[in-house]
Amino acid sequence: MKWPQRQARRQELSDLLLQHHQNIRPLPGIADPRARDTLAMQMVASIRREDYFRAIQRRGSIGADRADPHSATFEAELGVVHLLQQNAYDEAAWLVFLMVYLAKPEIGGWDRLRDIYGRLGAGRWDWASVSADPVSFEQWLAANWQAVGGKFGNHRKYESLDPGTNRPMGPAIVTYVNWVNTVGDHRTLFSQTVLNAGNDPHVIFDAFYHGLPVKGFGRLGRFDWVSMLSRYHFIPAEAGTAYLQNATGPKSGLKLLFDGDPKADVSPATLQTWLDALDADLGVGMEVLEDSICNWQKTPTVFQHFRG
């Protein structure tokens, strides 16, 4: 049994799901106790990921090696913490963007990020270099993409390093860098966006979600990016919806959960209303629900730990 210290939380969530099923709205997708427990365990896995980001930010000083792509101990998640500890705000935000753009596959980890961020061992594509001349980055990647190792993570499986494809990385990076450069730096961009959005964390999340101009960042990429900015406290944002209009896995999962049929004819607005009511009972938040229900619907009665 995975994570024995989390079994009480799994049982609590399973019980809350059953109570919602019995008292609020039937949940035919979890009528089978195995499916209910599997969904509860996927929620535990998603909560663990959120807890991990909180835990690494509570640590003491993080060494510079964690942010150095040439170091054997490079670890991007910890690298962002180190950079923030050093007040290297732009560099930390840039590393977050690269992390989300490339994602982290279960096999190979940050190998692709290491190669690109570390310029294949010949320097570093840090924020100072890329922001000063984003076209040079695009040209470098076009000339060297076949030498870059690793893979894209599952959330970015339609992106490509190949400049001849429909969604190449090079132009996407140029668009992002020019967007930030237009206002000067990440801190200014983020501060202005938050100021314009107001004090509601849901509205702030939505402003960043819709504000990102980068091709290749659809619903999932945008959701991941804003969630990551929130986890690292760049912005005081929280998802108020699961952004189901263009969703695939989460929408199928919700249809399975609420209707028993992943292809049911249920509108995204109705699904969101039902999801809001469910979270009123569970209290785990949209980020956890979006992630866990998407993973659950892949194997509804057998827990699989999805890392990539």
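# Reading an all-helix model, step by step

Tutor: Read along the sequence, this protein follows the pattern α-α-α-α-α-α-α-α-α-α-α-α-α-α. Keep in mind that the model is predicted.

Student: Glad to start there! How many helices and strands does the protein have?

Tutor: The count is 14 helices and 0 strands.

Student: How do I read the radius of gyration against the number of residues?

Tutor: The idea is to compare the value with that of a compact globule of equal length. For 308 residues such a globule would be near 19 Å, and the protein has 20 Å, so the two agree. As a companion figure, the C-alpha atoms fill a box of roughly 60 × 40 × 40 Å along the principal axes.

Student: What share of the residues is buried, and what share of the contacts joins residues at least 24 apart?

Tutor: Buried means under 20% relative accessible area. By that cut-off, 50% of the 308 residues are buried. For contacts, take the pairs at least 6 apart in sequence: 67% of them join residues at least 24 apart.

Student: And the surface: how much area does the protein expose, and what do carbon and sulfur atoms supply?

Tutor: The protein exposes about 13,700 Å², with 49% of that supplied by carbon and sulfur atoms. For charge, look at both the counts and the centres: there are 32 positive and 34 negative side chains, and the centres of the two sets lie 5 Å apart.

Student: Let's go to single residues. Is His 186 buried or exposed?

Tutor: Here we read the relative accessible area. His 186 has 0%, so it is buried. This histidine sits in helix H9, which spans residues 186–197.

Student: Which residues does His 186 touch, beyond those up to four places away in sequence?

Tutor: Its partners are Tyr 89, Asp 90, Ala 93, Trp 94, Trp 127, Tyr 176 and Val 180. With Asp 90 there is also a polar contact between the side chains, at 2.7 Å.

Student: Helix H9 also holds Leu 195. Is Leu 195 buried or exposed?

Tutor: Leu 195 has a relative accessible area of 68%, and is therefore exposed. To place this leucine in space, use a C-alpha separation: Leu 195 and Leu 275 are 80 residues apart along the chain and 29 Å apart.

Student: What about His 202: where does it lie, and how is it classed by its relative accessible area?

Tutor: His 202 belongs to helix H10, residues 201–211. Its relative accessible area is 36%, so this histidine is partly exposed. Leaving aside neighbours within four places in sequence, His 202 is in contact with Glu 238, Ala 239 and Gly 240. Between the C-alpha atoms of His 202 and Asp 51 there are 20 Å in space, and 151 residues in sequence.

Student: Can we look at a whole helix? How many residues of helix H14 are buried?

Tutor: For a helix, count its buried residues and then ask what covers them. In H14, residues 286–296, 11 of 11 are buried. Among them are Glu 287, Glu 290 and Asp 291, along with Leu 289, Ile 293 and Trp 296.

Student: What covers the buried residues of H14?

Tutor: The cover includes H2, H10, H11, H12 and H13. Thr 38 gives a close-up of H2, the helix of residues 33–57. At 5% relative accessibility, Thr 38 counts as buried. Thr 38 touches Trp 296, and also Thr 299, Pro 300, Thr 301, Val 302 and Phe 303.

Conventions. Residues are numbered from 1 along each chain as its sequence is written. This is a predicted model: local features need pLDDT of at least 70, side-chain atom pairs count only at pLDDT 80 or more; totals for chains, interfaces and linings use all residues. Side-chain values use heavy atoms; hydrogens and water are left out. Helices (H or I, at least four residues) and strands (E, at least two) are DSSP runs, numbered from the N terminus. The radius of gyration is taken over C-alpha atoms; the globule rule is 2.2 Å times the number of residues to the power 0.38. Buried means under 20% relative accessible area, exposed over 50%, partly exposed in between (1.4 Å probe, protein chains only). Contact means heavy atoms within 4.5 Å. Accessible areas come from the Shrake-Rupley method with a 1.4 Å probe; for residues, only the protein chains shown count as cover. Lys and Arg count as positive and Asp and Glu as negative; His and the chain ends are not counted. The place of a charge is taken as NZ of Lys, CZ of Arg, CG of Asp or CD of Glu. A polar contact is a pair of N or O atoms within 3.5 Å; within protein, one must be able to donate a hydrogen and the other to accept it, and residues adjacent in sequence count only if both atoms are side-chain atoms.
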